[in-house]
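Reader: Hey, could you walk me through this structure? I'm in my first year, so plain words please.

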Amino acid sequence: MSTQAYSFLFVGLSFALYIGIAFWSRAASTREFYVAGGGVHPIVNGMATAADWMSAASFLSVAGLIAFAGRDGSVYLIGWTGGFVLLALLLAPYLRKFGRFTVPEFIGDRYYSNTARVVAVICLLFISFTYIAGQMRGVGIVFSRFLEVDINTGVVVGMAIVFVYAVMGGMKGITYTQVAQYCVLVFAFLVPAIFLSIMWTGNPVPQLGFGSTLNDGSGLSVLQKLDQVTTELGFRAYSERNRSLIDSTAIVAALMIGTAGLPHVIVRFFTVPRVSDARRSAGWALAFICVVYTTIPAVAVFARLNLSESINGAPYATAPAWVKNWENTGLIAWQDKNDDGIIQYRAGSALSPDKPEFTAARGRHGERLLRNAPSANANELYVDPDIMVMANPEIAGLPGWVIGLIAAGAIAAALSTAAGLLLVISSSVSHDLLKRTFAPTISERAELRLARLAAVAAILIAGWFGINPPAFVAQTVAFAFGLAAATLFPAIVLGIFSKRVNQPGAVAGMLAGLVFTLGYIVYFNFMAPELNRPEHWLLGISPTGIGALGALLNVATTVVVSRVTAPPPVAVQEMVDDLRIPSGAGIAHRH
Amino acid sequence: MAEADPQAARTDAVYHHDGAENLPAHSHHDVEVLAEDRARRYWRANLRVLTTLLGIWAFVAFGCGIVLGDWLDQFHIGGFPLGFWFTQQGAMLVFVALIAVYHLWMSRIERAHGVDDDPDRSLPSTGKRGR
């Protein structure tokens, strides 16, 4: 069977499973859906949260990002997992006790104001749209490869599937579908990693394998070998830190605070039966996430070794099939600078500008010709980091079914996250914005219709960003974290831990955080991308890490403005008192 | 008995609430005063737990993970330089452990202060049930 046939088979089987689960849980009422019967077991909820949270970016891009960034890429691992500690300790139990369904509801009630609720909805939409754009790009990459089409066509196919999936009842029984998706994605991620680890070191545990000795008899450890290979090709050594301390710290902080502020993850903790289950559920979620996240750096190391060893110095004409397959999707490009027909893989950007622009013509060796001018260095190869996880098994020569498995896993990751995000987007537009703020008289049916419309709009906008991404997937997603860090997280935490912060403070704080962070990101990525270098950054902090400063700004603004304005009403202060005690939490319900 | 006097209850609350099942027998007023006091003590204990665990969290993430990383690299764990291992493996394992410890620790504190959410044992809270 061909790789493509395996891909169709696995993707088809996994879809049948999700649709079966959605169908099976169709009997559930709307209310039952929103509270999941109020009785989702913490382990089940943890697994669903893990799937919800682990996106196409986690599955496809993080390993690629780390493979090329080396040790600097670790900030993503620490940042994203460390955020769960904040979530478990500072948010989950209290929001569960609060017992409503959406983040804007909490902010609207705690700050007793529609203005605060609307500001929270705006922040939430910014975050969710940025995040879902990353998913579309991820799905696009998968489809472009296994349908053998252009990446943009892949994104459109992905949009169509997410659309059908969301309408077909992906929203119903979402928890159990996500459990199935977790199982698919974890299996799909671990199998090739175990293969690779055995191949290079003989150790079947990838987490140990990438610290073991190579089995080629050289006596070198995997990391020593990789450091050697990367420095020989003119890169910085893999295990060395290059990013500045302040920027690393800021990025880790922004990702952590942002993880804890992601609305589609926070809502997960409303569905467990008890407050203590919210804590337990957060713990399980992180444990399930770490099964994949501790494997990611191992995959990254093996991928980088594989790539450098197999492609550098190979004549293009006889290069393995994966090079040409990925070249056809436009995610690999080769420009024969010295006209020797051999692929030279070196440090530096091969093309100018960075991203390849292909002409219709083929060159002397059959390669796709480029409009890009050759850059000044000796590197001839452009590799999109997002393809590393998918290309890795092909590069290593693993059997076709492993590659098919990865396609199914990546789609599971993207769908579970997209479904969670679409739910958050549509409920915040139809419920928080219309029902509770602007059109309280709206009927249940109109509310549902608007929710659907919002989901469709979300898919379309996300698709557009998927085709015209501001940066590659993991970075796109990183911006969503920056925005979450600078807006929602401080408002929620201050609302729980301080009885003094009030409406004007929170509104001013969220707006300050949003405007500052968004402005900084937009300025450096869209308005003046040529200035996007450390020497122009504020305090040396990159746009990815700026959410940390945004969060500080938010906290400072909220506290100062609250000080000089009247304290919140007594009823709100009593509500905060009540939030702080676990006992007496009713089943979460909708108003 | 001690429960009738909130002052007395405060001095031996921890021991007292180990046998919390005899509390609901008292009048509503007593229970409410006690509940408020319990809530305050519980909140202070909670903040202590948070400070301790978040201290460890920050040290591992920012200390071992970033600032001390280069220095830690002189030590090795298996084939990994220690600083590198912390950023790519160790920190994540510590995070999982921290949440587990948090859950167990808080459950104990909640039982000791009589504010846990086990429906079989729990006392009426100061709050309104099922808002």
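Author: What follows is a chat about the two chains and how they touch.

Author: One thing up front: this is a predicted model, where local features need pLDDT of at least 70, side-chain atom pairs count only at pLDDT 80 or more, and totals for chains, interfaces and linings use all residues. Residues are numbered from 1 along each chain as its sequence is written, while chains are lettered from A and ligands numbered from 1 in the order in which they are written.

Reader: OK, what's the mean pLDDT of chain A?

Author: It is 79, and 91% of the residues of chain A reach 70 or more. pLDDT is the predictor's confidence in each residue, from 0 to 100.

Reader: And which elements of chain A have the lowest and highest mean pLDDT?

Author: Helix 2 (residues 30-35) of chain A has the lowest, at 47, and helix 23 (residues 546-563) of chain A has the highest, at 90. Helices (H or I, at least four residues) and strands (E, at least two) are DSSP runs, numbered from the N terminus. Over residues 27-37 of chain A the pLDDT is below 50, and that stretch has 13 contacts in the model beyond near neighbours in sequence. Two residues are in contact if their C-beta atoms, placed from the backbone, lie within 7 Å.

Reader: How many helices and strands does chain A have?

Author: Chain A has 24 helices and six strands. Its radius of gyration is 24 Å, close to the 25 Å that the globule rule gives for 591 residues, so chain A is as compact as a globular protein of that length. That radius is taken over C-alpha atoms, and the globule rule is 2.2 Å times the number of residues to the power 0.38. The C-alpha trace of chain A spans about 80 × 55 × 45 Å along its principal axes.

Reader: How much of chain A counts as buried?

Author: 61% of the 591 residues. A residue is buried if 20 or more other C-beta atoms lie within 10 Å of its own, exposed if 12 or fewer, and partly exposed in between, with C-beta atoms placed from the backbone.

Reader: Now helix 9 of chain A. Why is it largely enclosed?

Author: Because 21 of its 28 residues are buried, helix 9 of chain A is largely enclosed by the rest of the structure. This helix covers residues 174-201 and reaches 40 Å from its first C-alpha to its last, close to the 40 Å expected at 1.5 Å a residue. The expected span is 1.5 Å times one less than the number of residues. Just after helix 9 of chain A, G202(A) takes a positive phi of about 85°.

Reader: What about strand 3 of chain A, how many of its residues are buried?

Author: Zero of its five residues, so to speak: strand 3 (residues 358-362) of chain A is hardly covered. Two bridges join strand 3 of chain A to strand 4 (residues 368-370) of chain A, and the two run antiparallel. Two strands pair if DSSP finds at least two bridges between them. F358(A) stands opposite L370(A) in strand 4 of chain A. The hairpin of these strands has five residues between them, and G366(A) there takes a positive phi near 95°.

Reader: Switching topic: is I107(A) buried or exposed?

Author: I107(A) counts as buried because it has 28 C-beta neighbours inside 10 Å. I107(A) is found in helix 6 (residues 103-110) of chain A. Leaving aside neighbours within four places in sequence, I107(A) is in contact with A116(A), R117(A), A120(A), A491(A) and I492(A).

Reader: And where is Y112(A)?

Author: Y112(A) is in the loop between helix 6 and helix 7 (114-146) of chain A. Y112(A) has a positive phi of about 35° although it is not a glycine. With 15 other C-beta atoms within 10 Å, Y112(A) is partly exposed.

Reader: How many residues does each chain bring to the contact?

Author: Chain A brings 48 residues and chain B brings 46 residues. Helix 14 of chain A gives the most to the side of chain A that touches chain B, with 10 residues. That side divides into 22 nonpolar, 18 polar and eight charged residues. Here Ala, Val, Leu, Ile, Met, Phe, Trp, Tyr, Cys and Pro count as nonpolar, Asp, Glu, Lys and Arg as charged, and the others, Gly among them, as polar.

Reader: Last one: what's in chain B?

Author: Chain B has five helices and two strands, running α-α-α-α-β-β-α from the N terminus on. Of its 131 residues, 38% count as buried. The mean pLDDT of chain B is 70, and 63% of its residues reach 70 or more. Over residues 1-26 of chain B the pLDDT is below 50, with 30 contacts in the model beyond near neighbours in sequence. The model scores ipTM 0.84 and pTM 0.82.
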